[in-house]
Amino acid sequence: LRRPARIMRARTVAKDASILSATTMASTALSGGLLLVLARLLSPGLYGIWQSMRIVQQYGQFLPLGVFFSMQQDVSRFTTSGEDEEARRAIGGTLTFVGLMSAAFVAVLTAVSILTSWPFRPAWTLVLALFVGATQLYSVGCTALQGRRRFWQAGQIDIATSVVSLVVSVVLVIAYGILGLLIAQLTWVLAGIALLAARGAMPFSRTLDRKTLLRRLGIGVQFTINGLLLLSIKTVDRLLVLGLLGSAALGYYGLALLVTGYVEQMSTNIGTVLFSHVAGFRTEGGEVPGARQVILGGGAAIGLAVPFLSGLAALILPVALGVVVPKYAPGFVAAQVLVLGSTYTVLRTTISYFFGGLSLLHRTFAAQAVALAAVGGASLLALKMGFGLTGVALAAVAGQLIVSTGLLARAYRQIRQSSDGLVQFLLVVHGPGIYYALAVFDVDNLIRTAAGIGPRTIALTLAQMALFSVASAPMLLEANRPSALRSRIDSAIA
């Protein structure tokens with residue numbers, strides 16, 4: 001009886017992940033379209049300034065000190081046990097705390113911009129601070145819906161706000177430049193908060209339960225440390241590019257990061273669903289049903305499927321970007337490298353959420369610290385040696401490979417309670433990615449595309465994709481054949 005229950009729960013996770021992924025990929029397509037429009041409207045220098053503002057926004061997400069992650073654990077648990085009123089109290093108390101923290105952030109950042117040589121204008125900084133603060137409230141509401149497993153509603157709101165962002169941003173950027181863009185971002189966040197409130201996802205509370213808040217802060221500390229480590233791994237290369245090469249170079253590199261944002265959003269969706277299910281199911285006895293099937297089997301599936309799709313994307317990328325944003329050509333090769341390494345981003349994000357659901361994130365810190373040092377050191381070395389944006393992209397991929405491998409090993413030991421078969425498992429997960437990357441490199445060298453965008457370039461790109469598919473066929477066929485390595489994975493998830 002246990003195996004069918006595990007399979008049913010694994011299917012439930014897959015269903016919820018599909019719902020959230022479908023809606024979020026639609027909103028991400030709209031957001032990505034907006035960023036491409038911005039790249040056309042803004043110069044690479046201004047686009048680089050916007051990318052630096054996005055870094056401020058990303059670090060601002062840690063204002064709540066991780067309390068909405070611990071809130072999501074509570075809400076998931078209360079939802080599983082049918083305690084809806086307790087779930088509302090958990091959301092309301094978190095909203096009050098986050099609101100206070102956001103107000104303090106706005107006041108401090110605005111004062112800093114006025115009193116110091118802050119790189120952004122005071123008017124820009126004020127709107128940016130308001131946007132970051134409002135985003136935290138919006139995130140709490142979305143997290144509340146996800147904790148209750150109302151993924152369809154969360155996705156609908158995400159799509160609606162993306163439409164608002166796209167329309168308003170284009171109009172205001174044309175009229176007012178960067179300031180108009182910031183006002184547009186604030187507008188969509190406020191619209192999202194209104195929609196969440198209408199769905200009952202933002203039940204504010206006038207009181208704070210200090211004991212509960214301290215408990216959540218205690219739990220949230222590990223989420224905050226984990227998030228800061230992961231974000232530092234993601235942004236250290238950007239900060240080095242900005243500091244050593246300038247805002248225009250960051251604009252080129254930011255376009256490369258835009259392409260990989262789609263893959264990262266997909267992995268975040270899977271991880272968000274997994275987090276809610278792990279946090280909820282864990283209350284039924286401590287063990288997480290279906291973990292072997294979802295994590296170990298899912299890791300093997302990701303390692304097989306994502307690199308193949310990434311390889312195709314890397315081959316078509318120069319042509320696609322050349323048509324849409326030709327002035328960003330200096331960042332095209334870096335974009336190809338980052339796309340090829342996107343498998344490791346998916347693995348890293350998914351496994352991090354799994355450990356978050358178990359409240360065991362502290363076990364991932366060592367791998368992430370090593371990856372941060374590797375990315376920072378390798379990126380700096382690449383820039384100093386003159387390898388430019390491509391060298392930085394290679395360093396970023398190397399860091400994601402290190403952290404994803406460390407997290408996979410941790411997850412394997414956590415689930416299996418043993419290291420037996422770990423090397424074989426890592427080979428199953430990473431082997432296809434290495435094969436596909438080499439195939440892309442060989443195909444790109446064998447069939448050289450023509451300069452510029454025209455019928456000949458498109459024909460040669462199609463030929464590259466066809467040859468890559470043929471070269472990948474043995475790997476795809478082998479994945480469906482019984483083998484010693486596959487048998488080990490099958491026994492791990494049985």
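Two residues are in contact here when heavy atoms of one lie within 4.5 Å of heavy atoms of the other, and that meaning holds wherever the tour speaks of residues touching. The model on the screen is a predicted one.

Begin by selecting I193, whose place is in helix α7, residues 178–198. With neighbours up to four places away in sequence set aside, I193 touches A134, L137, Y138 and M202. Buried means a relative accessible area under 20%, and I193, at 17% relative accessibility, therefore counts as buried. Add V140 to the selection and draw a distance between the C-alpha atoms: I193 and V140 are 53 residues apart along the chain, and their C-alpha atoms are separated by 9.7 Å.

Keep Y138 from that set of contacts and add W188. A search of the whole structure finds 9 aromatic pairs, and Y138 with W188 is an edge-to-face pair, with 5.5 Å from centre to centre and 90 degrees between the planes. This pair links distant parts of the chain, since Y138 sits in helix α5 and W188 in helix α7, 50 residues apart. Y138 counts as buried because its relative accessibility is 7%, and W188, at 14%, counts as buried as well.

Now move to F308 and Y436, which form a tilted aromatic pair at 5.9 Å centre to centre, with 55 degrees between the planes. Here too the pair links distant parts of the chain: F308 belongs to helix α10 (residues 291–324) and Y436 to helix α15 (residues 422–446), 128 residues apart. F308 counts as buried at 17% relative accessibility, while Y436 is buried with a relative accessible area of 1%. If Y435 and F468 are added to the selection, the view holds one aromatic cluster made of F308, Y435, Y436 and F468.

Next, colour the nonpolar cores. The largest nonpolar core has 108 residues, and those with the most contacts inside it are L38 and Y253. Which helix gives the most to this core? That is helix α5, residues 122–147, which gives 13 residues. Select L38 and display its surroundings: leaving aside neighbours within four places in sequence, L38 is in contact with Y47, W50, V173 and L181. A second, separate core has 10 residues, and L312, L315, Y436 and M475 are included in it; Y436 has thus already been met on this tour, as a member of the aromatic cluster.

Then select residues 67–81 and 84–115, which are helix α3 and helix α4; their axes come within 8 Å and cross at roughly 170 degrees. An angle over 145 degrees counts as roughly antiparallel, and α3 and α4 are therefore roughly antiparallel to each other. To see where they meet, show the side chains of V67, F68, M71, D74, V75 and F78 in α3 together with those of E86, A87, A90, I91, T94, F97 and V98 in α4. The residues of this contact divide into 10 nonpolar, 1 polar and 2 charged.

Finish at helix α11, residues 332–340. Is this helix largely enclosed by the rest of the structure or largely open? It is largely enclosed, because 7 of its 9 residues are buried. The buried residues to select in α11 are F332, A334, A335, Q336, V337, L338 and V339.

Methods:
Residues numbered from 1 in each chain as written. Predicted model: local features only at pLDDT ≥ 70, side-chain atom pairs only at ≥ 80, totals over all residues. Heavy atoms only, no water. Axes fitted to C-alpha atoms, helices over the stretch in contact; angles between N-to-C directions. Helix = DSSP H or I, 4+ residues; strand = E, 2+ residues; numbered from the N terminus. Parallel < 35°, antiparallel > 145°, perpendicular 65-115°, else oblique. Nonpolar A, V, L, I, M, F, W, Y, C, P; charged D, E, K, R; others polar. Buried < 20%, exposed > 50% of the residue type's maximum accessible area, 1.4 Å probe, protein only. Core = buried A, V, L, I, M, F, W, Y, C linked by side-chain atoms within 4.5 Å. Phe/Tyr/Trp six-rings, centres within 6.5 Å; stacked < 30°, edge-to-face > 60°.
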